[in-house]
Amino acid sequence: MIQDPNLLAETLDAEFAVLSPLERLQTLRDKVKGRIVFTTSLGLEDQMLTHLIFANNIKIDVVTLDTGRLFPETYDVWRETEEKYGKRIHAKYPQAEALENLIEEQGIDGFYYAKEFRLNCCGVRKIEPLGRALEGASAWVTGLRGDQSQNRLGMAFASYETQKKLIKVNPLLDLARERIAHFNDDHGVPINALHAKGFLSIGCAPCTRALQPGEPERAGRWWWEDDTKRECGLHVPDRTTVAEGAGI
Ligand code: SF4
């Protein structure tokens, strides 16, 4: 077994090119020691990965970040998924005191007033809980696709994240959205009802809107911000970079 995480990530990245998403997850589990965490937002891509993990009993923890501002439809698909597979999707929540301070300082919907306030909110509701979700993990699985945004085009199947000290793995990187939708249809995978209403990328309710025909996939997220690289900070190197606008 390869011990050096950089080398292991490079090996996985090369091997994944010719494997199916299921084989990628199985190979990851075979080759990486310790805890592997898959963080799901319960969107279309993540539901495919959850299906592959649960239906094939792959030992990967499925974890979601409940920001407290999710759509009711997102909680529905969360419950339906647990009922279908008989398995728990583990949840991480914002720290109560940090959340109380945030609301006190910038108001309940402060994210609409300034980008810095939005980053503060994502920091408290997503970034800090993500850190706890990944604590002690050797690898982190995500449902990112390369064609979702410019920012995601340059990503690899597997790479070593020096700051988080783990291997980040994107098993669906080369899949088109349509293929994932067909897979979910064919396998009866529960999906968020909002997808059928024009919501492609679904996050927190106040920060997500349906797309108009022809709009890019992530245009419905933080649409009031004039920025072409919008991310919440989960998939950028660190919050400093986010604050400087380099990663969003
Ligand atoms: S997406 Fe919006 S509501 Fe959710 S954490 Fe970020 S700023 Fe807050």
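User: Why is Leu-42 called buried?

Analyst: Leu-42 has a relative accessibility of 1%. Buried means under 20% relative accessible area, exposed means over 50%, and partly exposed lies in between (1.4 Å probe, protein chains only). Leu-42, at 1%, therefore counts as buried. The model is predicted: local features need pLDDT of at least 70, side-chain atom pairs count only at pLDDT 80 or more, and totals for chains, interfaces and linings use all residues. Residues are numbered from 1 along each chain as its sequence is written, and side-chain values use heavy atoms, with hydrogens and water left out.

User: Where is Leu-42 found, and what is notable about its phi?

Analyst: Leu-42 is in the loop between strand S1 (36-40) and H3. Helices (H or I, at least four residues) and strands (E, at least two) are DSSP runs, numbered from the N terminus. The phi of Leu-42 is near 70 degrees, which is positive in a residue other than glycine. Most residues other than glycine have a negative phi.

User: Which value of phi does Trp-222 have, and is Trp-222 buried or exposed?

Analyst: Trp-222 is not a glycine, yet its phi is positive, at about 50 degrees. Its place is in the loop between H8 and H9. The relative accessible area of Trp-222 is 1%, and Trp-222 is therefore buried.

User: What makes Trp-78 buried, and how far is Trp-78 from Leu-42 in space?

Analyst: Trp-78 belongs to helix H4 (residues 72-85). With a relative accessible area of 10%, Trp-78 is classed as buried. The C-alpha atoms of Trp-78 and Leu-42 are 6.8 Å apart, while the two residues are 36 apart in sequence.

User: Why does Trp-223 count as partly exposed, and which residues form a nonpolar patch with Trp-223?

Analyst: The relative accessibility of Trp-223 is 32%, and Trp-223 therefore counts as partly exposed. Trp-223 lies in the loop between helix H8 (177-186) and helix H9 (239-243). Together with Tyr-112 and Tyr-113, Trp-223 forms a nonpolar patch on the surface, with about 350 Å² of accessible area. Patches are made of residues with over 30% relative accessible area and no salt bridge, like charges being joined within 9 Å and nonpolar side chains (Val, Leu, Ile, Met, Phe, Trp, Tyr) within 5 Å. Accessible areas come from the Shrake-Rupley method with a 1.4 Å probe; for residues, only the protein chains shown count as cover.

User: How do you know that H5 is roughly antiparallel to H6?

Analyst: Helix H5 (residues 96-106) and helix H6 (residues 115-133) pack at an angle of about 165 degrees, with their axes 10 Å apart. That angle makes H5 roughly antiparallel to H6. Angles under 35 degrees count as roughly parallel, over 145 as roughly antiparallel, 65 to 115 as roughly perpendicular and the rest as oblique. The axes are lines fitted to C-alpha atoms, for helices over the stretch in contact, and angles run from 0 to 180 degrees between N-to-C directions.

User: What makes H3 oblique to H8?

Analyst: The axes of helix H3 (residues 44-55) and H8 come within 9 Å and cross at roughly 45 degrees. This angle is why H3 is oblique to H8. The crossing of H3 past H8 is left-handed, a term used if the near helix is turned anticlockwise from the far one by less than a right angle, with right-handed used if clockwise.

User: Why is the contact of Lys-31 and Glu-15 called a salt bridge?

Analyst: The side chains of Lys-31 and Glu-15 meet at 2.6 Å, N to O. A salt bridge requires a side-chain nitrogen of Lys or Arg within 4 Å of a carboxyl oxygen of Asp or Glu, so the term applies. Lys-31 is in helix H2 and Glu-15 in helix H1, 16 residues apart, and the pair links distant parts of the chain. Lys-31 is partly exposed at 28% relative accessibility, and Glu-15 is partly exposed at 27%.

User: By about how many helical turns are Asp-76 and Arg-79 separated?

Analyst: Asp-76 and Arg-79 are 3 residues apart in helix H4, which means a separation of about one helical turn. In their salt bridge, the closest N and O atoms are 3.4 Å apart. Asp-76 is partly exposed, at 32% relative accessible area, as is Arg-79, at 42%.

User: What links Arg-145 and Glu-217, and which residues are in the network?

Analyst: A salt bridge of 3.0 Å, N to O, joins the side chains of Arg-145 and Glu-217. Both Arg-145 and Glu-217 are buried. Salt bridges that share partners join Glu-45, Arg-145, Asp-147, Arg-177 and Glu-217 into one network. The structure holds 15 salt bridges.
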